[in-house]
Amino acid sequence: MTNRDAPTAKLMWGAIKSERGRYSANVLLWSTIWLMPVIPALIVRGFFDSLELETGANAVTFVALIVGYGLGRVAVMVLAMHNDVHFEFRNASQLRRNMLERIYEMPAAQAVQGSPGEMISRFREDVDHTQETISWTVDMVGATIFGVVAVWILTGIDAGLTLAVFAPLVVMVVLAERLGGRIKRYREEAQAATGRITEAVGEMFGAVQSIKVAGAEHSMVENLRELNDGRRKAMVRDKTLTAGLESVFWNTVSIGTGLILLVGAGSLAADGGLTVGEFALFVYFLGFVTDAGYFVGIFIARFKQATVSYARMINLLRGGRPMRLVDKVDLELTGPEPLIAAVPRRASDQLETLTVRELTFHYPGTDNGIRGVDLDLPRGSFTVVTGRIGSGKTTLLRALLGLVPADAGEILWNGELVEDPSTWMVPPHAAYTPQVPSLFSMSLRDNLQLGRNDSDDEIVAAIRSAALERDLEDMPDGLDTMVGPRGMRLSGGQVQRTAAARMLLRRPELLVFDDLSSALDVETEQTLWRRLLEEQVGATALVVSHRLPALMRADQVLMMEEGRIVARGSYKELMETSDAFNSLFAGNGAS
Amino acid sequence: MIPVRSYVRILRKYLRPLRGRVALLAVVALTGIALQLAGPQLIRAFLDGATRGTEVSKLVPLAIWFIVIAVFQQGAKVWATYISVDVGWSATNDLRADLAEHVLHLDMGFHKEHTPGALIERIDGDVTSLSNFFSSFTIMVIGNLILIAGILVLLWVEHWLIGLGVTGFVVLIFSGMVKVQSIAVPRWKAVRARSAELMGFIGEQLGGTEDIKANGGDRFMIARFTNILRQWLPEHVRGRHGFSMLWAMGIMTFITGLVVVFFIGSILFTDGIMTLGSVYLVFHYVQMSHDPMEQIRAQMEDFQKAGAGIARVEDLLARHSAIADDGVTPLSGGSVEVHFDHVTFWYNDEDGETDRPVLDNLNFTLPKGRVLGVLGRSGSGKSTLARLLTRLYDPQQGTIRLDGTPLSHVPVEDLRHRVAMVTQDVQLFGASIRDNLTFFDHDVDDERLLDVIDQLGLTAWLATLGDGLDSRLEASGSGLSAGQAQLLAFTRIFLRDPGVVILDEASSRLDPATEELIERAVDRLLENRTGIIIAHRLATIERADDILILEDGLIVEAGDRARLAADPDSRLSHLLATGLEEVLA
């Protein structure tokens, strides 16, 4: 799973470049932290040498030196941490922001594929994994500098012994590199297992009401248990292999010490050979040199894991430029709170006619979709799309709004070709109420405005048009009422009318409803259509509905079957001329 | 403090069946520690020999033994890791499942306040930190503590002054660590809460991209994302500096250890009490105690997370559903009589404040086998009525009775098997059709499923999916039209044998042709059962025997449908008149 267009190193470099200053400071500070242990090593050697060779140096001198060193190290460490936390936070935030931005660039109905839980794991674990790996590059630099200095000092004492110490280390790093492939696979499996569990838990609580009502709590949890066990196995494999590799690295210290004893036995025993102080220095450095080697090995493994995570995040971009992940963005973490510029409405935005020609779209890998749909919506007209389940009504709306990318056909706004419906068919040109609208855990006001700056009067007017004003009166905090996660504190009908008010507040040229009235009672629906058609003067409406109050008001009714429009005309005309229309509505209601 | 006690309290139940493996873990880990302690003794013998001019041929075996011991010690360590990870995940997997079940049983009031994203963080995220905690705790903390204890014993044996010095040093360092830890944990809690908030927010957006994009709200969502980050950053920095303090403690540990060696070593060596090899031994052991302390220190971060996680898990486990499930009276089979006895209900606000009642002193009886049509504008309390009957909520006043038994006397599981409901929003899973229908209950056989699907006239549709019952639905049921989803919801309740069937706006989103399909099936479902149809459409209540019209939580009209329809002054006939165009066709 390597990313050919964007190798991991290139992505990491991209991320580093956008925080160049902090990264440079990180390299400097963390290299210092790596290099500093050379000082106590030399102090320790001095101490043992002073005992063995009876140079008479005072213990107090060594104590003063070592305490001074300790204070210095703490100071550098605090600085390094401070710099690193800012670096790491910004880098991680940038990744998340870029993914989010990309999601909003794509045709919205296809932007998110896979369950929300699984998608969240990309925003959470995958970002953390890659971020850690980038932080570790700094340690790589520090470890290397330390390694060079340590080897230089040790070679000065005994070149042969130094070689004997380093030989096993090199072997170990090579070994780790060879095992790296397996680590990557195990890690992928463990991640996939975690993804499945997050997904299952997310869906479980997304569907909590259905589960409760069905009394199915137990069987749902049994399913979770099975997934859990799969993850345990994957985790044990992953962690044991990692522990084995780490152990190999730590073991180099002990084996290295043994080698020093073995190889240096003669020199240590001989007068004028290796002193105990020098032996102590060797062993002390061995620990740190092995630390460095360990970091290299771990880094290689991490780097491979990061490749997995990057691949998953690139997959989320769905064909977007991979390097997009690490594009520099202004995160606006400091300074005044970000404002959203209002979209100005120009006279040329006004809709005179909307024309759709040969619009075609298929959901990838299926026969479902729409084929060669033609449509004319003159200003101020009211058009109802109807048809059986799966006949393509919702798909037509989505393709028109650019929520799915059309395979063929064109959309003309006042006769001019709309190049990118997904950026054009938004307010002030168009706005949309989906069949099952989503609200967000914010206040009612925020849900309606989504960043706009409307006055309360305008908001209340939109609420009235959507026949929501009585519900508003009953809400404890009025417009500031929190609607709960996904609007769960509102009833189904309230959610739909809130979504309608959200659309109306934008006063778009084209109103698009998908089966708006499905959760409404007859009277509310009547009120809603009346207010909508009378008060949104000049607005053009395209509506999916099977309901008579809508059908009978329509200027034109479009009847869809298997992705095509098979009949069009007024309700009366269709009743008289279309068999398909008649068969659809036959038996709907008695009397 | 390291949250061992809470941890053991939570996991006692789950660790008990794993006793054998925990014991093996202890043996393996202790062997490793003994080997680790033996190494430096060999070095001392070697160094003393070397400085006294012992022959090299006698020194070499010591060096070889040293290497052999090192290899075995590492083997023990890997084995111990394997066991600890396995035990840790086994134990927490059971906890995770039980916690999920506990939370599933919590009342809807709780679920309205908690996004699925936040619950993922609490059930999977927090429990995972517990499983990491187990492996790191047994190996890194207990193992290392025993190692340090072993070192201290050996040093006391060496010379009391050395023993005293190093013991003082260890005590000093540990008390320091504990203090620092208590500062750092609350900081981490704040960071974790913020992260959960951000993930909840992102999850919600991912489910609503169409709404956001088509209404021009994308910039706003990005701005909100930024605002959460702005609040998170300062807390994140503070959290990390909690970690800096712990590291600083580690550095001071190392420095203090050297100070002890420098002072005591030079005194005892000069006095001729210790050999150079012995001074090195002390130095080596103090060095050795540094690594375990570093590791314990490094684990502190995990402990902070685990500590915060444990607190939240305990918090979650301590929550009780507002719906008490202590009934013992089973419901009899067959059709059921439903009686609302002066029922008043209001939704409690987050702050415990109350709103006006959603249902106000509701009083009616629905005899066995009758079908009740409930009418009223949205917000009139129709859906609430269904939620009370399935005990998603309990009324504040009054009693609901089934066959004369108050709902609270019936076990909840029993109740929900006997009272079936189809709601407006069909909630589906990214799983096979089979699992979606059975809620992953593997005891339901295919034959029965296919039979029910056939009754619903869905067989032809199922065939188009390619893999029949094995066809996977996309997550959240996308790829299905709302009408198709509704049909699946019907199949779900057809699978049970309820005594009461509630259809809450069930047919509202179906096209007329599919609706006809459903009508037939509903007829069959209502046969010999009590039915409540909450309807917005007059056509839907055609089959009702009785009618109940609600307005602002009050019954404004109730009675036999035919009688009401015949009475020109009834609200029903007014509705029939205004909604006449609805039934024109």
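The exercises below, each with a worked solution, concern a predicted model of two chains, A and B.

Residues are numbered from 1 along each chain as its sequence is written, while chains are lettered from A and ligands numbered from 1 in the order of writing. Because the model is predicted, local features need pLDDT of at least 70 and side-chain atom pairs count only at pLDDT 80 or more, whereas totals for chains, interfaces and linings use all residues.

**Exercise 1. Confidence**

State the scores of the model and locate the lowest and highest mean pLDDT among the elements of chain B.

*Solution.* Begin with the overall scores, which are ipTM 0.83 and pTM 0.69. Next take pLDDT, the predictor's confidence in each residue on a scale from 0 to 100: its mean over chain B is 83, and 91% of the residues of that chain reach 70 or more. Then turn to the elements, where helices (H or I, at least four residues) and strands (E, at least two) are DSSP runs numbered from the N terminus. Helix α16 (residues 512-526) of chain B has the lowest mean, 73, and strand β4 (residues 397-402) of chain B has the highest, 92.

**Exercise 2. The contact between the chains**

Determine how many residues each chain brings to the contact, and which helix gives the most on the side of chain A.

*Solution.* Two residues are in contact if their C-beta atoms, placed from the backbone, lie within 7 Å. By this criterion, chain A contributes 148 residues and chain B contributes 141 residues. On the side of chain A that touches chain B, helix α9 (residues 217-269) of chain A gives the most, with 30 residues. Finally, sort that side by residue class, with Ala, Val, Leu, Ile, Met, Phe, Trp, Tyr, Cys and Pro taken as nonpolar, Asp, Glu, Lys and Arg as charged, and the others, Gly among them, as polar; the result is 81 nonpolar, 40 polar and 27 charged residues.

**Exercise 3. A helix in chain A**

Check the span of helix α16 (residues 492-505) of chain A against expectation, and decide whether the helix is enclosed or open.

*Solution.* The expected span is 1.5 Å times one less than the number of residues. For the 14 residues of α16(A) this should come to 20 Å, and the end C-alpha atoms are indeed 20 Å apart, which agrees. For burial, count the other C-beta atoms, placed from the backbone, within 10 Å of a residue's own: 20 or more means buried, 12 or fewer exposed, and anything in between partly exposed. Since 14 of the 14 residues of α16(A) are buried, the helix is largely enclosed by the rest of the structure. Just after α16(A), A:R507 takes a positive phi of about 40°.

**Exercise 4. A sheet in chain A**

Give the strand order of the four-stranded open sheet and identify its edges.

*Solution.* Two strands pair if DSSP finds at least two bridges between them. The order in chain A is β2-β1-β4-β5, with antiparallel pairing. At the edges stand β2 (369-378) and β5 (416-417) of chain A, each with a single partner strand, so one side of each lacks a neighbour in the sheet. Strand β1 (residues 353-362) of chain A pairs with β2(A) over seven bridges, and A:L359 has A:V373 in β2(A) as its bridge partner.

**Exercise 5. Backbone geometry**

Describe the surroundings and phi of B:H342.

*Solution.* Most residues other than glycine have a negative phi. B:H342, although not a glycine, has a positive phi of about 50°. The residue belongs to strand β1 (residues 338-345) of chain B, and with 12 C-beta neighbours inside 10 Å B:H342 counts as exposed.
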